[in-house]
Structures are given as structure tokens and as C-alpha cells.
Amino acid sequence: MTDIPVPDLDLDLHMDPAPGGVGGPTLTRDASGSHKRKLIEVSLPLEDINKASSREKSIRHGHPSTLHLWWARRPLAAARAVLFAQLVDDPSAHPDRFPTEEEQRAERERLHNVIRDLVVWENSNDPRVLGRAREEILKSTGGNLPSLLDPFAGGGTIPLEAQRLGLKAHASDLNPVAVLINKALIEIPPKFRDQPPVYPYAEDARTVAWKGAKGLAEDVRRYGQWIRDEAERRIGHLYPKATLNGGAHADVIAWIWARTVTCPNPACGIEMPLVRSWWLSKSQGKEAYVLPHVIGGDSAQSIRRIEYTIGYDRAGAPLKDYDGTMQGRGRAACLACESAVSAEYIKAEGMAGRIRSALLATVAEGARRRIYLPPDESQLNAADVGAPVDVPKGALGFDPRNLWTPAYGLTEFANLFTPRQLTMLITFSDLVGEAHDRILTDARAAGLAEGASLSAGGSGAAAYADAVVTYLGMAVSNIVDDHSSLVSWRSSHGTGATRSTFARQALPMVWDYAEANPFAGASGDLGVTAPSMAEIIERSPASSAGTAVPADATGIDFQDVMVSTDPPYYDNIGYSDLSDFFYVWLRRTLRAVHPDLFSTMLVPKAEELVANPYRHGGRDGAEKFFETGFEKVFQKVRDGGGAGYPVTVYYAFKQQELTREGTASTGWATMLEGMIRSGWVITATWPVRSERSGRMISVGTNALASSIVLSLRPREETARATTRRGFLNDLKRELPKALEEMQQGAIAPVDLAQATIGPGMAIFSRYTGVREPDGKKMTVRTALMLINDTLGQIMAEEDGELDADSRFCLRWFAQYGWGGGRYGDADTMSRAFNTSVDGLVAAGLLANPRGEVRLLKPAELDNRWNPATDDRISLWEVTLQLARSLEQNGLDGTAPLLAVASQRVEADAIQLLAYRLYEVGQAKDGETAGLFNVLGSEWAELVDKASRVELDAPDTWGQQMTIDLEDD
């Protein structure tokens, strides 16, 4: 199955034989022999998926992303929905069962509701919800589920969600850290399913039913606590309590240090601190800050130095946020003589090993607030630890964009930690090895047979001990993120807190850093980390067996597997260089358990599919390396056949691309070009959004989704070329139908342009090429612009279906927005649309004209408006009233309005006008455009609620209408 030696990959990637069959997936085809359309190629409840994805950002407990840090993970909700829609047939694929468009639409909505339940976080392990989803998948796959392979598995989101849906999941990645994460998520839990813990319990604890991976999780929790307690017994003295005023003692949370250099001014020569900010807490009423004092130097025997105290009176606080000695771009100012100190001098001092550290403050735990104390000798002495010998070896890579510390002399990974931190982390690392011996002994005592090791495929006592310490080793690696000299202090977070090393996707140079206490019961305490990991293990599917192996994606054979993947994109993230930070500790801790993963000194880099200009001879060489490798991978995926299912690929935009170039960005166009050259037809593009504002109107009127999910099918061997005219004719003929199908999922207006790329590119990419009039081949970038133009034309053509008042209002809005225009112009335009200014004023759409005419904004409309009794109702007024009500009254308060209004106007037309108003309104009034974006986004749920409104007396709906919002 692969051109490189990867253990077990060949066997594991083949599917089990189908019940009663000869094996391999059942390909769903229509009568012509073509693959049946899948739901992902037609319509998704995109807004519901995006809401669930956004909500995941606030979920920490039990979320797999907290198992171990990885960069740019896709949301679980999005992956689960995409996999479901990738497997399940669209109703249009079954004209025998759903012969009319209305029946197809109803069935599509039913499947959308399955997805809406599926993406809710609380339902991720609900057997009823998962069972319903699996039932639909089995119906569309003939009861023969395909295996899923993600060749760029990264943080493991896609394989994990495939396993949750009942598929056999296979993960591969070149990066050993990523492979370990995937093993912990999909490979280890099923192996020890329903097994009780081996930690010695009291007798009554043995009566617990240990379902799924709960027993494994309990052992991780128990042995993790043992390691934590044993470490505190051995090195707890290095972290003494703080002495408060009055002699009481308090636990220390952190120590705040500043790096220092000698002032280059010969007349000064003080040990000057390099401080970003003196603030410790900016919380109102609880402000605290460091006050530096220059003392000494008043006699030949007195050495000039800086002493630090703590200030609490805001009147004496620094007056600005940027109040430290660092002045940007690595430059500083001497606190004593105010001399300017260049970045070059500081770098030279660092390379010479002359950057030192000074303690600024000690942070202690108080009653509902932090207590900040000035340095004292006992705390300084406790931190004065000799550097240990057995530290992880390895040098940081060369990437000045993301790895900033080497320029300051911090070139080795061990340089990124204080001696006390190194001592602590080595103690924890060594204790994982000691825990292995204890677990093995306890496993034997619990009756487990010895068996082979985990890496050799065993499942007995030896393998179980390996499994538990895999998580414990990852727990130690996790806390490394909270215990380096690149951890900073967040003065604006409550009364102060630490910020982990990877607050961003880089290793920045941190001048004033926070050294956290590993025994403080907070972030970085193994007693907190291990239980958190145990909660994730408990929630794992632990169902069908999964595999995770190290492999170069260009060397894998993709025969007989369905593929869904989130590949790296150009130079967004330098995974290998960044993950070395964890790898060196994982290697030290777990090399004996996973020798195949940790055989090299650092993470493999030469084959990593990232456009790193420092590794591939500059920008041009890096881009060529990436594009060549990318096309090779997807050519191999195409050759594998995809098991008869579309392939799904996630594309992560760089924010600069979106801001500068929008949906026709160079990187996006380049990726699509590569897909098409590899022989793929792009059948859908779905914008995945995981960032959302809390207020409805702030959903974002111009912000494009940061990720796109593409659906791909192999291009037919008989495909031919076409002309520009032929391509445009196809767009005009086919896009309206595709647009109608997409809108069934209540796609947000802000996402429409990105989503429409899918059916547009499906037309473009099904040809071997589109020829321009001069004979040259049309570029993807040109095709993207033509697709967007055609979308605008189609939406504008819908204007002709509007009533006269609405057509006037839309045209006036496009020209003047909410501003005023001359009465004469309004009168002329109104006559052209067979209406009148006076009639529009009487209808409550125009402000009373006094020399100029303007449209009433949604907020200015009469909130007592009754659509049942309005004798001049228009689609424009209904749409604006709904948008206004949704902002003011929410879904429940707006559903009755829609229920009555839809008796008078076509409900689908309201949705279409909302899209149009958003499109036109972006350039006129972003705030109001946001109203229409919300209306389009919430449309499906609003229609659902309106359908359950009981209209007792429509003419008095405001008093008598009731809503039955109970579940059906």
C-alpha cells in the first residue's frame, strides 16, 4: 500500500469483506453508470454547522483539542457534518423514490435536520443521534461502510469523527507528534475498550461498569496524580510559599522575571531590564504594577543597581500601556541613563551568552485576587538551581518569521527553559518511566497476560502499560507549553494570569516572562492536566479499530479508501519546526514505548509539504516544491479511486489573502489549478466559519470564511474542452438551479459568493480546458471572476419577479442607499415601475418627501405593523420588517410575523430578497447589511418555528397568536 516501509499500513488500509460479499465498497451509481450525487455536492445546513463550529471555541473540558496542542485544527462539528454528507446520497440521486423537486426538497431538509442534531457538541456521544446518522450512512452505502484515510491527519479531527460515525479510520502524517496524537485518539482507546483500570482500588470500586475507554481514562487519572505527588515530594522545595506582610504564607502562582543586559553606555554600565510592560494587573480597582528604582552609585564603594517594588495606587501607575523599556523592533532604553540601546547590541549580548534575568515580582494566591510581592532572598535562592545535565538535545531550525529566539542566543531547545524548569520537567519525564514499571506490575496483578508491547501490536499487560504512559508522556509534553521562559504574563486577564508559550503559531522572543508553579493547581500542573486528558479519553468513541502511522503522503497508495483531509497550505504554519519544541520532550519520555516514532533527533523536515523558503532555495523554490508535492499526492488519490465517494479537502485561507484579494486570491486560485491539473472536478466549495461575534448584527457583513471545504470527483476520461462562450452559457444555465439547492440550507448571504464557487468550478473543471478567444487556456483566476459576475447577474434577474413597490425600493437602495435623492428622480423612477411616490409614502416605505426622498430604514418601520391587514403589502416591507424584528425580538418573537406574512407573500421570495439586499447593502451600509445577513443565516430555523405557529385569528395575530415550540 505504500512505497516506504510503514508497519501494518498495507493491511490496515484495506476494508473488511462485506457481509455476504467479496469485499470493497458498494459504488452507488445511477442508471447511466455515473456516481450518484452526495449531499455534500448539493446542499448543507451550513449556518448550523458554522454555529456549532464557532461554539466549540468555548468548549475546553473533554474537547479533543486539549489532549495535546496542535495548530489549525478543523472543528469537530464541521468534520462530522462533512463526512456524513460525503457518504449520504442526495435525494436527487434517487428519482425513483423522490421524483419531484418538492419531494427532493423535503427529503433534503430531513437530512439537514440529521446534520443539525449531529453537529451539536452535547450530542457527540449521544447513541440516539449517532445511531440515526449511521442508519442514513448505511442506507447510502448498501450496508458496506468504506474505510476513511486522512493522509495529513495533523490533530486528528477527521479520523476521530470518522470513527465516531462508525467507519474504520486510518490516519497518517509525516510528523511523529501528529501521529502520536492520532494514536491517542483513534488507535489506543478501542484496543482497551471495556477494560477496567488496573490501579489498586478498594474492593467496592471493582463493581463499577467500565464501559468504553473509562477504565483506561481512570488509570491515566490515577497514575498521573501519583506522578504529580511524587514530583512534589522530590522537588517541591524548589517552589516555596511566599511570605506575606504579617508573616502569613501563601501559595505562589508564578514568578515574573525580566531579561537583562549591561547598559552599553560606559558611564552607566547598569544591569538594565528588558521589559515590555511594568503592569501586573489592569483589573479595575485591583491594579498592580512593578516600580523600578535606581539605587546606589553615590559612592565609589556603592554599585549602581535596580530594585523593584510593587505599586497599587493607580495615580502612581505608568500612564500608558507601552510603558516598559522595550521600544519595538528589539530596541530598548536604559532605565538609569535613558540611553537608546539597539537591537543589534541586544542580539550580540545574547549570542555571547550575556543576557541574564532579574526577578521583578512574585505572584501569590489571595482571596479572589492575586497578591503581588517584591523579590526577596528566599525566592531568589529557591530559583538558583544548577542546570541539569540530561536535558533534551536539539537546535531550533532557521525560520526568522516564526522562530525568533536564535537571534538572541537561544539556539537550543534547552535554552528556552530556566534551570529550575529543566529540573522540574526532567523529574516529570523520569517519573513517567517509573510509572510504567508500576502499571506493568499492577496490570499483571489484575490478571492481564504479559503479551507483546504496544508498538508490536500487543494488547496484554505490557501493551497496556505502554498505552497509559503514552498519555502520561503526552501530559508532560502538554505542560511544557506552560513552563518555558517564553511564557508571558497577561496583566489584562482578570487580576493576572500566564499566557502559554504557543499563544500564537510561533516561538517569539519574550522579554519579561512568567515562571509558573507546577504545583499550584492551575495550568501547567499535572494534577490538572492528567484529569483533563482522562475526560477526553472517556469521551472517545473507542469503537471500530483505527490506525495511525508515520508516512509521507506522496508515498501512500489510496486504493479502496475514502479520503477526507486538511492538508497544509504553503507556508501558513511551519509544523515541523514548531513541533520540535514538544518532540524533544516526547522523545526523551516515550522513545522506549514508541521507538518507530522517535528514532530521529528531531521531526523529519525535508519531505514536509510546506513551502518553506529557507529550506527550498527561496520563495520560488518553496512554491514549486509545494505545488509539485501537492499535485503528486492528489494524483495518487485520484488513481486510488476514492472508493466511489467524493474526496473532501479543507483549504485554510491566509487572512492577508482574504483582506487583499477576496475569493479570487492567488493562493486559492493556485490550489484550484493544482486540483484541476491532477484530474479532479471540483463539485462543491463550502465556507466553514468558526469565528462568530456574540451579537446577531455583528455576524460580519464582509468577513469571508477562513476555511473552505472542497468536494472533488475524478474528471471523466472522455472529457473535452470548451470555449469561453460555452463556459458562460453553462454558468447561466446551471448556476440558478445550484443556487436554489444551496439556499435550502439557509446559507448565510456573506458566504454565498464562496459557496457558489463550487458549482461554478464544477462546470469549469469538468472540461479539459476552457479556451479564450485568442486560443489561450482560461486561468482559474479568470474563471472565479466570471463565476462571481454570473452570480450577480442571476440575482439581479430575480428583481424582475418582484412587485412594483419592491422593485422601486431595491433600485433606489442600489443608487442612494438610505440617503436621500431628489423628488423628481424618485417620481420618474416610480412611474417606470408602475408605482408612485405618494403610494410608497402611504405604504410606509418612504419618508415623507420634503424636497428629497429617502427609504425608511428597518429600525424606522412601524413595529405595530400587521401583515394580515396591510392593504398594500410588499415583499420589500415584509423582508425589512422581519430583519428588524429578528434584531429586536429574536427568532421566537419573529416567527409569528413570518407565519402571518407568508400567508400574503411567497416565503422563498423573502429569503431571496434578503440575499439581494445583503449583496447591494454591503457597499451602502454595513450595519444594515448585517441585518439581512442574519435573516438569511437564520432562515431555516425561522421557517421551522413559523411552521409551528398556531394562527387562531390572523386579523388579531398580535394578541391571540401562540407558538408551540416543543419538539415534534
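Two strands pair if DSSP finds at least two bridges between them. Helices (H or I, at least four residues) and strands (E, at least two) are DSSP runs, numbered from the N terminus. This is a predicted model: local features need pLDDT of at least 70, side-chain atom pairs count only at pLDDT 80 or more, and totals for chains, interfaces and linings use all residues. Residues are numbered from 1 along each chain as its sequence is written, and side-chain values use heavy atoms, with hydrogens and water left out.

**Stop 1: a sheet of 3 strands**

Select strand 7 (279–281) and strand 9 (305–311). Add strand 8 (residues 288–295). Together they make an open sheet in the order 7-8-9, with antiparallel pairing. Strands 7 and 9 stand at the edges with a single partner strand each, so one side of each has no neighbour in the sheet. The twist averages 30° from one strand to the next. Axes here are lines fitted to C-alpha atoms (for helices, over the stretch in contact), and angles run from 0 to 180 degrees between N-to-C directions. Now zoom in on strands 7 and 8, which are joined by 2 bridges. Ser281 has Ala288 in strand 8 as its bridge partner.

**Stop 2: strand 12 and its partners**

Select strand 12 (residues 356–365). Of its 10 residues, 7 are buried. Buried means under 20% relative accessible area, exposed over 50%, and partly exposed in between (1.4 Å probe, protein chains only). Add strand 5 (residues 252–262), which runs antiparallel to strand 12 and is joined to it by 8 bridges. Ala258 stands opposite Ala358 in strand 12. Then add strand 13 (residues 370–373), which is also antiparallel to strand 12, with 4 bridges. Here Thr362 faces Leu373 in strand 13. Strands 12 and 13 form a hairpin with 4 residues between them. Pick Arg368 in the turn: its phi is positive, about 60°.

**Stop 3: a sheet of 7 strands**

Next comes an open sheet with the strand order 17-2-1-18-19-21-20 and mixed pairing. Strand 17 (546–550) and strand 20 (680–688) stand at its edges. Each has a single partner strand, so one side of each is left without a neighbour in the sheet. Neighbouring strands are turned by 20° against each other on average, direction ignored. Select strand 19 (residues 647–652) and strand 21 (residues 707–714): they run antiparallel, joined by 6 bridges. Val649 stands opposite Leu710 in strand 21.

**Stop 4: helix 13**

Which residues of helix 13 are buried? They are Leu526, Thr529, Ala530, Met533, Ala534, Ile536 and Ile537. These residues cover an arc of only 160° around the axis, which puts them on the same side of helix 13. That arc is taken from the directions from the helix axis to the C-beta atoms. Their cover includes helix 7 (176–191), helix 8, helix 11 (419–445) and helix 12 (461–480). At the start of helix 13, a side-chain oxygen of Asp525 comes to within 2.7 Å of the backbone nitrogen of Gly527.

**Stop 5: Lys214**

Jump to helix 8 (residues 214–235), where Lys214 lies. Lys214 is partly exposed, at a relative accessible area of 40%. Select Ala542 too: Lys214 and Ala542 are 328 residues apart in sequence, and 9.8 Å apart in space, C-alpha to C-alpha.

**Stop 6: Arg916**

Finish in helix 25 (residues 907–921), which holds Arg916. Is Arg916 buried or exposed? At 13% relative accessibility, Arg916 counts as buried. Leaving aside neighbours within four places in sequence, Arg916 is in contact (heavy atoms within 4.5 Å) with Met795, Ala796, Asp799 and Leu810.

Definitions and conventions: A polar contact is a pair of N or O atoms within 3.5 Å; within protein, one must be able to donate a hydrogen and the other to accept it, and residues adjacent in sequence count only if both atoms are side-chain atoms.
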